[in-house]
Amino acid sequence: MEHMDHLSFHPERLERIARMEAGHFWFVGRRAVLQRWLRRIALPAEGLVLDVGCGTGWTVRWLADHGFRVMGVDVLPDGLRDLKARAPSLGLVQGDARRLPLRAGSVSAVLLLDVLEHLEDHEVLWEAQRVLKPGGWVLLSAPALPWLWSARDREAGHRRRYTPTMLRNRLKEAGFRIVDMRFYMFLLFPLILASRWAGRHRPGFQRFEERPSRWLNRLLLQVVRLEVAMGRWIRWPWGSTLLALARKDPLCRSRNPGLDGASPQASEYAGTPEPPSSNAGAP
């Protein structure tokens, strides 16, 4: 699943992945945690949420439907063009996560959903810190546990999986104060282990994580919802994904110089202090 975030999309593939994001057990559970955190941080009505590496744009649409001012950024133009054609009202712009086409201090929250593992993570986090307002928020997900590395990671173009200590250190080095960090996919972890083990011998087997049958997806969805609900009171000791909520330290100054000049696609956003109003993951 996480390997679909940053691949080049054909329109049919884009739509298929977007449909999967709408109902797949992994995405539904992750969205529930993100929604809880967004309610918790209570962004101002005029605050902008930036979805970096927006991929299919499903999360952008979901946030817009829930009343957030949101912009999606992705480095690949094909998916953005197709998404803009299908949803012209969405705020979308092409850009690199390491050099966002936005002014410093213009964003209230940044989403980095399965992005860090694909790039030099310190560059991405410092750039997120640059565009955030003082006290702004970053909400992120990343694959957990380096020993869980498998062919799925290689196919995804991952550079790493994270331990809590690794991710905590990256965030602190970039000037963020961690508010919450937790494992996700604890209750289904034995199933994930079995899938990865079987995938070493029969590579096609692990595809069931992406495309479970309808009845199996419904069953796994109930398990994930139970995990998310219990996560209000239980700190799960491990899982295949790490989720983190962190806040920009108001006293930390960015190492990134910012934009010397905006790209043509982004000039509207880069030229104003308040901008107007490739996403898949894996267990």
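Leaving aside its neighbours within four places in sequence, Gly105 touches Arg130, Val131, Leu132 and Lys133, where contact means heavy atoms within 4.5 Å. This glycine sits in the loop between strand S3 (91-94) and strand S4, with helices (H or I, at least four residues) and strands (E, at least two) taken as DSSP runs and numbered from the N terminus. The C-alpha atoms of Gly105 and Gly136 are 8.6 Å apart in space, although 31 residues separate the two in sequence.

The model described here is predicted, so that local features need pLDDT of at least 70 and side-chain atom pairs count only at pLDDT 80 or more, while totals for chains, interfaces and linings use all residues. Residues are numbered from 1 along each chain as its sequence is written, and side-chain values use heavy atoms, with hydrogens and water left out.

A second loop residue, Val75, is found between strand S2 (69-74) and helix H4 (77-86). Apart from neighbours within four places in sequence, Val75 is in contact with Gln94, Gly95 and Asp96. For Val75 and Gln94, which are 19 residues apart in sequence, the C-alpha to C-alpha separation is 5.3 Å.

Glu127, by contrast, belongs to a helix, namely H5 (residues 121-131). Its C-alpha atom is separated by 5.9 Å from that of Arg98, and the two residues lie 29 residues apart along the chain.

Two loop residues have a positive phi although neither is a glycine: for Asp114 the value is about 55°, and for Leu145 it is about 70°. Asp114 is placed in the loop between strand S4 (107-113) and H5, whereas Leu145 lies in the loop between strand S5 (132-143) and helix H6 (151-156).

The table gives the relative accessible area of these residues, where buried means under 20%, exposed over 50% and partly exposed in between (1.4 Å probe, protein chains only).

| Residue | Relative accessible area | Class |
|---|---|---|
| Asp114 | 0% | buried |
| Glu127 | 2% | buried |
| Leu145 | 10% | buried |
| Gly105 | 28% | partly exposed |
| Val75 | 43% | partly exposed |

Helix H2 can be followed in more detail. The 17 residues of H2 (residues 25-41) should span 24 Å at 1.5 Å a residue, and this agrees with the 25 Å between its end C-alpha atoms; the expected span of a helix is 1.5 Å times one less than its number of residues. Of the 17 residues in H2, 13 are buried, so the helix is mostly covered. Following H2 comes Ala42, whose phi is positive, near 50°.

Two packed helices are described by the angle between their axes and the distance between the axes. H2 packs with helix H9 (residues 214-230) at an angle of about 25°, and their axes are 8 Å apart, the axes being lines fitted to C-alpha atoms, for helices over the stretch in contact, with angles running from 0 to 180 degrees between N-to-C directions. That angle makes H2 roughly parallel to H9, since angles under 35 degrees count as roughly parallel, over 145 as roughly antiparallel, 65 to 115 as roughly perpendicular and the rest as oblique.

On the H2 side of this contact are Phe25, Val28, Gly29, Ala32, Val33 and Arg36, which meet Asn217, Leu220, Leu221, Val224, Arg225, Val228 and Ala229 in H9. These contact residues divide into nine nonpolar, two polar and two charged, where Ala, Val, Leu, Ile, Met, Phe, Trp, Tyr, Cys and Pro count as nonpolar, Asp, Glu, Lys and Arg as charged, and the others, Gly among them, as polar.
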